[in-house]
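Biologist: Could you take me through this structure and show me how each term earns its name?

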Amino acid sequence: MKSASVMSGPILEVRNFHKQFPGVKALDGVQLHVERGEVHALLGENGAGKSTLLKILSGAQAADQGEAFLDGCSLDPADTPLARQRLGLVTIYQEFNLLPFMSVAENLYLGREPTRRGLIDWKRMRAQARAVLSDLGLEVDPDREVRWLSLAQQQMVEIARAMTQSAKLIIMDEPTAALSSREVEVLHGVIRNLKERGVSLVYVTHRLQEVKQICDSFTVLRDGRFVTRGAVSDAEVGDLVRLMVGRDVEFVRRSRDTPAGGTVLSVKGICTDRDPGGRHVTALHDVSLDVRAGEVLGFAGLVGAGRTELARILFGADRCERGVCYLNGRELSPLGSPADAIEAGFALVPEDRKQQGCFLEQSVCRNLTLPSLRRIAFWRVFVNERRENELVEHYVQALGIKMAGPQVNIGTLSGGNQQKVLLARCMALNPTVMIVDEPTRGIDVGAKAEVHQLLCEMAARGVAVIVISSELPEVMALSDRIAVFREGRVNGVVPARDTSESALMDLMAVGRPAMPQPAPAA
Amino acid sequence: MKSFDAIAWLRKFGTTLFLALLMVFFACQNERFISLRNLTNILTEGSIYGIIAVGMTFVIMTAGVDLSVGSLLAFAGMAGALVAGLIGVDVPFSWIAAVTTAVFAGAAAGYLQGRAVTLLGIPPFIVTLGGMTIWRGATLILHDGAPISGFDRGFRWWGTGTIAHVPVPVALFALVAATGYIVQRYTRYGRHIYAVGGNPEAARLNGLNVSGVLTSVYVIVGVLSGLAGFLQSARLGAAEATAGTGYELRVIASVVIGGASLSGGRGGIGGTIVGALLIGVLTNGLVIMHVSSYWQQVVIGLIIVAAVAFDTFAKSRR
């Protein structure tokens, strides 16, 4: 390797990458060109080859063919991820590589702890950590254990760690997928800060608005092939979608001619206490709602407003202190467990597909049929594999799930197809009330439209569908009525037809201090 | 598009292939190994811990482990012999009291351990590590550390008799293994075990009774340990306080060599049976080759590590 870096030319140049997996050509002649000091968006549907490209660049996998240059120097395909980091190419994945029981400072300097006479120099480590964090404008205590930090703060620690490794190029894989809009603002601020210091970024995201806000140029991949590269200023969001999908896709506002039926689910006075140790920390205050058969009720609100909390209580997954709910006039509460809820006619597609939804090491078939097995078992004990296969076959066709076969692990499917399997799992239960939490998070544009279509079809068949989404256009396109949550209360229920994005925003944010916020406190 | 993937094939059938090679090797070294009498011996010996290994497969598939099975075997065997002794160990059909007591003692101990895991949230490793010394101590207390012997022929038949030339313990092992296989492969409960082991949170959200499933696998392994304890006393003609010492390692090794993952969600009865046979053949073959028992332990340990190392290697190579 040359020691002095070439000060002109691109920071990263990828030429003609090919990568073959058994049965799939993941990359087929991909190129990528990132200029010094720019934020470059890497766009494509799920399965377009972004993840494979990232893995090859980070050193986790090797390309079958093709070459890459970082800062003018050829990258050795045999490099390990550690070697790539030493060269200044740092990748930040969606799942962070932090040690939860160690402090921020220890995480920042893991494996590179400053030493004094062979022992760790704690004083210097803390001081350096504090300096790096404040340079990035972050108010995080370096002595705090990482497990106490919010997701957004953990991400900042990852970025700070990249800085301590004097990164030249940081690759970020969907950094905002799990962040609230306020946290996204903070992240964007940090990215601008990085740019000013000459760090280049490759930014993978499904949120195209974000590309317009933060990125300078973009590369689009489709089906493992390079489609185009361009400047963000010359492209509209619609253009990007067209390039990614190869066709026009937008949120189709569904027709309103199917009248909703009578009230199916009635929720009255749900209250919970704040549970500081738990995962869902927002307390609900006297939440009441009605849901009608055949309608889509949207739950809008900021992250932490209580949408998911209510869904989990309805489904019996969390406890509530007070309140009742009636399903078809029958009092249900308190629902003791998800098993009771499923029995009563509820189905839930949970918020976190990988952690709460999928059995990643098990087959599509097993994932799809698990809760339905009782219906297709002899004497409720022995699984009738013939009927099971018919069930799977039916839903794979009806939903257009793309995969090598029902016996492959669900973990090998793209996010969109995984989500379809989870939807099929719920549909197979013939629920009365179907709750879907962030149904299109992290899935590509084409699959989004298909998921929307499915949810509308469910409603058209008389199912009461509750959709929780952080994307307002999605809630507005899907819902008949929208319940707006704010700080554990329902701030209003409005007909989707008569509302606007700004009206919803007002309902979501009334009573909140005006933006911008300072860096999030712990 | 389907080409032959040697490593995938080896991952699936490698243990069986290794078992076959090992048998050929021992047979070439000493023809006594391949005698019917010796093979029967291997099977009978292997059946005792093989029966427990079937239950252990379920436990390990839920990402748990049970270290107490060896002590539980002794405890249940001793409790059974003690109750049989109240009737009179030489009384015909005293074995009915013995086997009932042993199985119930195993079930009760398994239930307690399962509840400690699910209700108190103590890791299975710790619960059953405690159980391992608790049940061993309880065995010593039961009969002051002395063995109980002098069983009648009906009792001994369970350990030494044959059904159509098949030793009774082997027949029982076959029965238990076949039942285990059917449960794992064809029942909802089997699916539930995989689901709970693969992702407990997702399992709960799919309406599964996660703590029920978890408790049940410890009860199952307890029942099977109890049965094995009864068979062991019938085979040896005595219930001893030191019975089953070190069995937990053989049992866990059988399951792991059979391809189960200690992090749950993966494994199967078929693999476990091969694993149990492999350990039986290896122990016996090494004895016949006059390898010292010190070295036997080293070899078995190496093979456990090698089996898991190969599996990890094959997995990473995707």
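Modeller: Happily; here are a few terms, each set against its definition. This is a predicted model, where local features need pLDDT of at least 70, side-chain atom pairs count only at pLDDT 80 or more, and totals for chains, interfaces and linings use all residues. Residues are numbered from 1 along each chain as its sequence is written, while chains are lettered from A and ligands numbered from 1 in the order in which they are written.

Biologist: How do you know that chain B agrees with a compact globule?

Modeller: The radius of gyration is taken over C-alpha atoms, and the globule rule is 2.2 Å times the number of residues to the power 0.38. For 318 residues a compact globule would have a value near 20 Å, and chain B has 20 Å, so the two agree. Also, 52% of its residues count as buried (20 or more other C-beta atoms within 10 Å of the residue's own, C-beta atoms being placed from the backbone).

Biologist: What makes residues of chain B and chain A count as in contact?

Modeller: Their C-beta atoms, placed from the backbone, must lie within 7 Å. By that rule, 18 residues of chain B are in contact with 23 residues of chain A. Helix α8(B) gives the most to chain B's side, with five residues (a helix is a DSSP run of H or I, at least four residues; a strand is a run of E, at least two; both are numbered from the N terminus).

Biologist: Why are β15 and β22 of chain A said to pair?

Modeller: Two strands pair if DSSP finds at least two bridges between them. These strands have four bridges, in the parallel sense, so they pair. In one bridge, A:Phe299 partners A:Ile468.

Notes. Contact = placed C-beta atoms within 7 Å. Buried ≥ 20, exposed ≤ 12 C-beta atoms within 10 Å, placed from the backbone.
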